[in-house]
Amino acid sequence: MTQTGGKQDKKAQQYGVTPQSVDFNDWYNEVVKKADLADNSPVAGAMVMKPYGSALWENIQRWLDDRFKATGHESLVFPTLIPMGFIMKEADHVEGFAPELFTVNKIGTEELAEPYVMRPTSETIIGHMWSGWLNSYRDLPFLHYQWGSVFRAELRTKAFLRTSEFYWHEGHTAHADEPEARAEVRQMLDIYHEFCRDVLALPVVRGEKTASERFAGAVSTFSIEGMMRDGKALQSGTSHYLGQNFSRAFDVKFQTREQKEEFAHTTSWAISSRIIGAIIMTHGDDFGLIMPPRIAPVQVVVIPVGRKDNFDEMVQEGEKLAAELRAQGVRVKVDRRDGVTNGFKYNDWELKGVPVRIELGPRDLEQGVVVVKNRNSTEKETLPRAEAVGGMTARLDGIHDWLLARATEFMREHTVPVDDYATFQAKVEEGNWVLAHHCADAACEKAIKDDTKATTRNVPLDDAEFFSEPSQGPCVRCGKPGAYGKRVIFGRQY
């Protein structure tokens, strides 16, 4: 049973979170701060990730890092500073990133002969180093990635979604031929899809970006797109086939089996800390966050309920219960705060989105029971202690499944196929994704964006859930023949 209606509105107002239906933007900003995920910093456009947000990011890193290593990738670490000349070597790359670059012109009071840029991404410096590492086809493939932060100037910033410094991994691989490189691109896209679906409970659509939406310098860009609770799209991860563009610019070549020289085929791929924004905006409600259980920093919070004369005893019992849950592999926190009302604690942990709350009082202890409440329900259950502990993993899995089903249904309900431009404009304005045929003309694509603020999200792949039915039809705006053999996803984006 979900939390809806007047009781929810009243409680949300008392706790100070703007309802989503009143102002989604205010709701988001308030949740980020009040759930202790992040705060503003004295650096313009940059955020401070607080311990709760950092713990969530660490869990994301841990899962992805294990998955990368399981597929043969090795981590490395490159400098934050990149010579300006490197950025200038690949024409599309410099054109795409020039407006966003942070530059370093001095060391102390001494002007640099050549400025550095704070890395917006690392294809250039990695290509430079690869040119010295690669000699023969026997050296390939290079399967590398690094964790770090990158810097891109943002005029309008929003915690996790758009900040001037943000956190990510960036994968970079080099291959002997195009088929192998393209297989790598698809493999990483599928890993991102698996991570979003099976860990974050986020339904995302895999597809290829149109030419005007490609990464600067790429031959092909693929993305996963998620729908937020306000109907906007969030590009949640990307995987790029770079062809030989960067290899030619940085002389990354090798001797083939036939003793010929070839330039390597390269890829890059990334998920950033904006995925935390996707978690917030896909799963949150008017009480705040709902953390997907498999990634939540705290999966279960135990709240000892007692009077002043027996509170310490109940805390000790709470720790015993927590130890039983930890033995089941569950991440648990005992709320030991004294002098704070139980109601405040309940609201606080609901705002933080902890999937399960357990209340333990003296009477519960005597009867061998605990009170259990799921974050996605208004109902409490009184269960035998052993049953609550033994069934916790299944309970958490059930919450994951509920979140994924709810988000998938929301995406289905707010994705509409259309064939005429007036309906297209109306459905976008109502907060939907629109599936429409398009001619692939960049000028037509820009005109749609100018008219509606909607952009092409991607051209869904053949196995991209319910979006990928082959079909033919005229461009929804100009009437020219559709270019993709299927409908393209259009929507407003973050």
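**Questions on a predicted model**

Reader: Leaving aside neighbours within four places in sequence, which residues is H438 in contact with?
Author: This model is predicted. With those neighbours left aside, H438 has contacts that include C444, E445 and I448. The others are C475, P481, G482, A483, Y484, V488 and F490.

Reader: Is H438 buried or exposed?
Author: H438 is found in the loop between β21 (433-436) and α16 (442-452). Buried means under 20% relative accessible area. H438 has 1% relative accessibility, so H438 counts as buried.

Reader: Which backbone nitrogen does the side chain of H438 reach?
Author: The loop holding H438 runs between β21 and α16. At 3.0 Å, the H438 side chain reaches the backbone nitrogen of A440.

Reader: Are the rings of F68 and Y145 stacked or edge-to-face?
Author: F68 lies in helix α3 (residues 51-70) and Y145 in strand β7 (residues 142-151), 77 residues apart. Planes over 60 degrees apart count as edge-to-face. The ring centres of F68 and Y145 are 5.1 Å apart and the planes are at 65°, so the pair is edge-to-face.

Reader: Which residues form one aromatic cluster with F68 and Y145?
Author: F68 is buried, at 0% relative accessibility. Y145 is also at 0% and buried. Their partners in the cluster are W57, W147 and W269.

Reader: Which helix gives the largest share of the largest nonpolar core?
Author: That core has 68 residues, and those with the most contacts inside it include L37, I60 and F160. A share of 8 residues, the largest, comes from helix α7.

Notes: Residues are numbered from 1 along each chain as its sequence is written. This is a predicted model: local features need pLDDT of at least 70, side-chain atom pairs count only at pLDDT 80 or more; totals for chains, interfaces and linings use all residues. Side-chain values use heavy atoms; hydrogens and water are left out. A nonpolar core is a set of buried Ala, Val, Leu, Ile, Met, Phe, Trp, Tyr and Cys residues joined through side-chain atoms within 4.5 Å. Buried means under 20% relative accessible area, exposed over 50%, partly exposed in between (1.4 Å probe, protein chains only). Helices (H or I, at least four residues) and strands (E, at least two) are DSSP runs, numbered from the N terminus. A polar contact is a pair of N or O atoms within 3.5 Å; within protein, one must be able to donate a hydrogen and the other to accept it, and residues adjacent in sequence count only if both atoms are side-chain atoms. Contact means heavy atoms within 4.5 Å. Rings of Phe, Tyr and Trp (its six-membered ring) pair if their centres lie within 6.5 Å; planes under 30 degrees apart count as stacked, over 60 as edge-to-face and the rest as tilted.
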